[in-house]
Amino acid sequence: MGMFSSDIKSMDDLFVHTLRDIYYAEQQITKALPKMISQATNPELKGGFEQHLKETQGQVQRLEQVFKMHGVEAKGVTCPAIDGIIKEANEVAGEVADKAVLDAALVAAAQAVEHYEITRYGSLIAWAKQLGRQDCASVLQQNLDEEKATDKKLTAMAESKVNQQAV
Ligand code: FE
Ligand code: FE
Ligand code: FE
């Protein structure tokens, strides 16, 4: 999908392109989370990342289900946004020595990831409904609900524990 070509001609094309974007993103997140699990010190944060890794693996399967329902090939397209968010997370983490401060940095990085996912799923669900694909919208809604719940949990962790340990 070149930047100057016009491969996206319809709302359906845009839906499929964005589905492939989030499919790629979820796969990159699946690869990034094990490192974040190993870097986290706070047991609640570590456990939260472990749980979200399992959820993310399920989200990849749901996306494959949506590709199938929509009758298109399940494949990813490079998402420069998620690559950038993960790169930034690694760069910041690499510069933090204190374990408690590292936990706070990991929470912030994870929330950047969740917020990207939330915007993508929000658009995908709206477009699926517009395209008359309530079935696809319902499956995508399950992923969105998990991202939103994860974001809330991260906020609660940051406010209650992680940031207070980092002084
Ligand atoms: Fe996800
Ligand atoms: Fe993207
Ligand atoms: Fe997520």
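Contact here means heavy atoms within 4.5 Å. The structure is a predicted model, in which local features need pLDDT of at least 70 and side-chain atom pairs count only at pLDDT 80 or more, while totals for chains, interfaces and linings use all residues. Residues are numbered from 1 along each chain as its sequence is written, chains are lettered from A and ligands numbered from 1 in the order in which they are written, and side-chain values use heavy atoms, with hydrogens and water left out.

With contact so defined, D151 touches Q111, E114, H115 and I118, not counting residues up to four places away in sequence. D151 lies in helix α5; helices (H or I, at least four residues) are DSSP runs, numbered from the N terminus. Its relative accessible area of 13% means that D151 counts as buried, where buried is under 20% relative accessible area, exposed over 50% and partly exposed in between (1.4 Å probe, protein chains only). Between the C-alpha atoms of D151 and V107, which are 44 residues apart in sequence, the distance is 9.4 Å.

A second aspartate, D83, belongs to helix α3 and is partly exposed, at 27% relative accessible area. Its contacts, leaving aside neighbours within four places in sequence, are Y24, Q28 and T78. D83 and Y24 are 59 residues apart along the chain, and their C-alpha atoms are separated by 9.7 Å.

Two iron sites were then examined; donors are N, O and S atoms within 2.8 Å of the metal (3.2 Å for Na, K and Ca), and because water is not among the atoms, sites may look incomplete. The iron ion (ligand 1) is coordinated at 2.0 to 2.3 Å by two OE atoms of E26, OE1 of Q59, and OE atoms of E117 and E147. Its donor residues are spaced E-x32-Q-x57-E-x29-E in sequence. Since E26 lies in helix α1 and E117 in helix α4, this pair ties together parts that are 91 residues apart in sequence. E26 is buried, with a relative accessible area of 0%, and E117 is buried at 0%.

For the iron ion (ligand 3), the donors are NE2 of H52, two OE atoms of E114, and OE atoms of E117 and E147, at 2.1 to 2.6 Å. Along the chain these donors follow the spacing H-x61-E-x2-E-x29-E. H52 lies in helix α2 and E147 in helix α5, so the pair ties together parts that are 95 residues apart in sequence. Both H52 and E147 are buried. The iron ions (ligand 1 and ligand 3) lie 3.2 Å apart and are bridged by E117.

The helices also share a nonpolar core, that is, a set of buried Ala, Val, Leu, Ile, Met, Phe, Trp, Tyr and Cys residues joined through side-chain atoms within 4.5 Å. The largest such core has 47 residues, and F15, L19, L45, F49, I82 and L140 have the most contacts inside it. Two or more residues come from each of α1 (11-39), α2 (43-70), α3 (80-95), α4 (99-130) and α5 (134-165), with the largest share, 13 residues, from α4. Beyond four places in sequence, L140 touches F15, L19, L63, V66, Y121, L124 and I125.

Finally, residues including I82, I85 and V92 in α3 meet residues of α4, among them L102, V113 and Y116.
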